[in-house]
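Notebook open, structure loaded. I'm going through it one lookup at a time and jotting down what turns up.

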Amino acid sequence: GVQTCALPILLNSEKHIAEHTREVLTRAVEQGIWILPVTGRPLGGLPKEVVEFPGVQYAITANGARIM
């Protein structure tokens with residue numbers, strides 16, 4: 001089956017994915033785990049860095065009202 005890691009977007013104070021978080025997510029992707037960002041923001045509010053992160057194919061946005 002597919003292994004998925006759904007998590008809120010974890011950004012640092014500069015509004016970027018923290019280096020440690022990036023390393024952990026990269027290791028998860030290397031093990032075949034899909035990263036599924038979850039946010040209350042609308043789809044257009046997802047940071048480009050999150051949308052383009054390797055392993056992100058879907059996202060749950062708008063407090064669960066939309067799945068990309």
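I started with Glu49, which is partly exposed at a relative accessible area of 24%. This is a predicted model, so I'm treating each value as computed from it. Glu49 forms a salt bridge with Arg22, and the closest N and O atoms come out 2.3 Å apart. I checked where the two partners sit: Glu49 is in helix α2 and Arg22 is in helix α1, 27 residues apart, so the pair links distant parts of the chain.

Next I stayed on Arg22. Is it buried, partly exposed or exposed? I get 25% relative accessible area, which falls between the 20% and 50% cut-offs, so Arg22 is partly exposed. Setting aside neighbours within four places in sequence, I find Arg22 in contact with Ile17, Glu49 and Phe53. I looked at Phe53 separately: Arg22 and Phe53 are 31 residues apart in sequence, yet 8.9 Å apart from C-alpha to C-alpha.

How many salt bridges does the structure hold? I count two. Besides the Glu49 pair, Lys48 and Glu52 meet through their side chains, at 3.9 Å from N to O. I noted that both Lys48 and Glu52 are exposed.

Then I turned to α1 itself. It has 12 residues and reaches 16 Å from its first C-alpha to its last, close to the 16 Å expected at 1.5 Å a residue. Which residues of α1 are buried? My list reads Thr21, Leu25 and Ala28. They cover an arc of only 55° around the axis, so they lie on the same side of α1. That made me recall the helix rule: with 3.6 residues a turn, residues three or four places apart point the same way. I also looked up what covers the buried residues of α1, and the cover includes β1 and β2. On the face turned away from the buried side I find the exposed residues Glu19, His20 and Glu30.

Just after α1, I stopped at Gly32, which takes a positive phi of about 90°. A second positive phi shows up at Lys15, near 70°, and Lys15 is not a glycine. I flagged that one because most residues other than glycine have a negative phi. Where is Lys15? I place Lys15 in the loop between β1 (4–8) and α1 (19–30). At a relative accessible area of 57%, Lys15 is over the 50% cut-off and therefore exposed.

Glu14 lies in that loop between β1 and α1 too. Its relative accessible area is 53%, so I have Glu14 down as exposed. I then took the C-alpha distance from Glu14 to Gly32: 29 Å in space, with their positions 18 residues apart in sequence.

Aromatics next. The structure holds one aromatic pair. Its rings belong to Trp34 and Tyr58, with centres 5.8 Å apart and planes at 35°. Why do I call this pair tilted? Planes under 30 degrees apart would count as stacked and over 60 as edge-to-face, so 35° makes the pair tilted. The pair links distant parts of the chain, 24 residues apart: Trp34 is in strand β2 (residues 34–38), while Tyr58 is in the loop between α2 (48–51) and β3 (60–61). I checked exposure for each ring's residue. Trp34 counts as partly exposed at 32% relative accessibility, and Tyr58 counts as partly exposed at 38%.

One more loop: Gly64 is in the stretch between β3 and β4 (66–67). I read 45% relative accessibility for Gly64, so it goes down as partly exposed. Gly64 and Gly40 are 24 residues apart in sequence, and I get 7.2 Å between their C-alpha atoms.

Last lookup, the confidence. For the protein chain the mean pLDDT is 85, and 96% of its residues reach 70 or more. Where is confidence lowest and where is it highest? I find the low end in β1, with a mean of 74, and the high end in α1, at 92. Note to self: β1 is part of what covers the buried residues of α1, so I'm keeping that mean of 74 beside the α1 entry.

Notes:
Residues numbered from 1 in each chain as written. Predicted model: local features only at pLDDT ≥ 70, side-chain atom pairs only at ≥ 80, totals over all residues. Heavy atoms only, no water. Helix = DSSP H or I, 4+ residues; strand = E, 2+ residues; numbered from the N terminus. Buried < 20%, exposed > 50% of the residue type's maximum accessible area, 1.4 Å probe, protein only. Phe/Tyr/Trp six-rings, centres within 6.5 Å; stacked < 30°, edge-to-face > 60°. pLDDT = per-residue confidence, 0-100. Expected span 1.5 Å × (residues − 1). Arc of directions from axis to C-beta. Contact = heavy atoms within 4.5 Å. Salt bridge = Lys/Arg side-chain N within 4 Å of Asp/Glu carboxyl O.
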